[in-house]
Amino acid sequence: MVGSAIVRQLLAQGVPENDIVTRTRSELDLTNQAAVRAFFAEAQIDEVYLAAAKVGGIHANNTRPAEFIYENLVIEANVIDAAFRSGVKRLLFLGSSCIYPKLAEQPMREDALLTGTLESTNEPYAIAKIAGIKLCESYNRQYGESHGIDYRSVMPTNLYGPGDNYDPELSHVIPGLIRRFHESKEQGAPEVVVWGTGTPRREFLYVDDMAAACVHVMRLPKSGYDKHTEPMLSHINVGYGDDVSIAELATLVARVVGFEGDIVYDTDRPDGTPQKLLDSTRLNSLGWRPQVGLEEGLRRAYADFCSSVGA
Ligand code: GDP
């Protein structure tokens, strides 16, 4: 989802198609160190956007913790080290807002990292993403001057949009609700079940806004990036700036999809962290703002879902 949006963004900004090198999962297994090294040794890459990751919603994270920690650690370690060995000077690592402590002060600033206990439903994923930030920082600290490298990190809030995973059990909340409300409308069902209590608050960013932020941060002059970061606190939050409760989100998705029945809550499902709202002051000071509001973004995401299922 994010990789495709970054490609759309680069093309829209006039980068020639031939200059953009992508690999699908079946073409290059990023958990295979030898394959990743061979790819970088041959491909002559200048800049890397590392958007590839094992991702999923609260249920997927909760039930497949080994896959989430192992695959993400290995993908990051393989790509960052192979990029360095092949002479890549600029790299952007994409993390996640779940790196912050469960009860971090809201909105969460970058310096909340490693100040408290993580949310248990996604701790393994979060630990892997924190390791990714620290890989970038450590390579910069050890090789920044000697090899002229500049590896940066961005931490997006919950993302949604075209190319999302609409699996009913394993997806994040927006694609999960889009599918459930759509199918309930088609079947004329009287009610839709939403997981948890409806009270957790989440911030959502449209994926093309995230892609624009990635290109923006990649292109910032080093002096600007360094001015707003520190060598061991170098990641930058990318948020929308506002959050909604899951109940408010469900009402909005119902409206966008055109479902007119009832919404009921399954409190046997976990809520996860009570609130996740990023403080994006760093990135705003560096000149980036989101463009797509939640309702407009949900309309575009629903159109993408409909075309993916042929509705
Ligand atoms: P999180 O931000 O890591 O907790 O990831 P999710 O996007 O999976 O879940 C966000 C919130 O939405 C949690 O409180 C979930 O319990 C709630 N939620 C409600 N309905 C759904 C659903 O159908 N799928 C998912 N994934 N979450 C849901």
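Helix H6 (residues 173-187) and helix H9 (residues 246-257) pack at an angle of about 45°, and their axes lie 9 Å apart. Helices here are DSSP runs of H or I with at least four residues, strands are runs of E with at least two, and both are numbered from the N terminus. Axes are lines fitted to C-alpha atoms, for helices over the stretch in contact, and angles run from 0 to 180 degrees between N-to-C directions. The angle makes H6 oblique to H9, since angles under 35 degrees count as roughly parallel, over 145 as roughly antiparallel, 65 to 115 as roughly perpendicular and the rest as oblique. The model is predicted: local features need pLDDT of at least 70 and side-chain atom pairs count only at pLDDT 80 or more, while totals for chains, interfaces and linings use all residues. Residues are numbered from 1 along each chain as its sequence is written, and side-chain values use heavy atoms, with hydrogens and water left out.

The crossing of H6 and H9 is right-handed, a term for a near helix turned clockwise from the far one by less than a right angle, anticlockwise being left-handed. On the H6 side the contact (heavy atoms within 4.5 Å) involves Val173, Ile174, Leu177, Ile178, Phe181, His182 and Lys185. These meet Ile246, Leu249, Ala250, Val253, Ala254 and Val257 of H9. By class, the residues of this contact comprise 11 nonpolar, 1 polar and 1 charged. Here Ala, Val, Leu, Ile, Met, Phe, Trp, Tyr, Cys and Pro count as nonpolar, Asp, Glu, Lys and Arg as charged, and the others, Gly among them, as polar.

A second helix pair is formed by helix H1 (residues 2-12) and H7, which pack at an angle of about 65° with axes 8 Å apart. H1 also passes H7 in a right-handed crossing. H1 contributes Val2, Ala5, Ile6, Arg8, Gln9 and Leu10, and among the residues of H7 in the contact are Val207, Asp208, Met210 and Arg219. This contact divides into 10 nonpolar, 1 polar and 3 charged residues. Asp208 is placed in helix H7 (residues 207-219). Its contacts, apart from neighbours within four places in sequence, are Ala5, Arg8, Gln9 and Pro162. The C-alpha atoms of Asp208 and Tyr160 are 9.1 Å apart, with the two positions 48 residues apart in sequence.

Turning to the sheets, strands E1-E2-E3-E8 form, in that order, an open sheet of 4 strands with parallel pairing; two strands pair if DSSP finds at least two bridges between them. Strand E1 (47-50) and strand E8 (236-238) stand at the edges with a single partner strand each, so one side of each has no neighbour in the sheet. Neighbouring strands are turned by 20° against each other on average, direction ignored. Strand E3 (residues 150-156) is joined to E8 by 3 bridges, and Met155 has Asn237 as its bridge partner in E8.

Another open sheet has 3 strands in the order E9-E6-E11, with mixed pairing. Its edge strands, E9 (244-245) and E11 (275-276), each pair on one side only. Between strand E6 (residues 201-202) and E11, which run parallel, there are 2 bridges; one partnership is that of Arg201 with Gln275.

The model has 16 salt bridges, each a side-chain nitrogen of Lys or Arg within 4 Å of a carboxyl oxygen of Asp or Glu. One of them links Glu67 to Lys54, with the closest N and O atoms 2.9 Å apart. Glu67 lies in helix H4 (residues 65-85) and Lys54 in the loop between E1 and helix H3 (58-63), so the pair ties together parts 13 residues apart in sequence.
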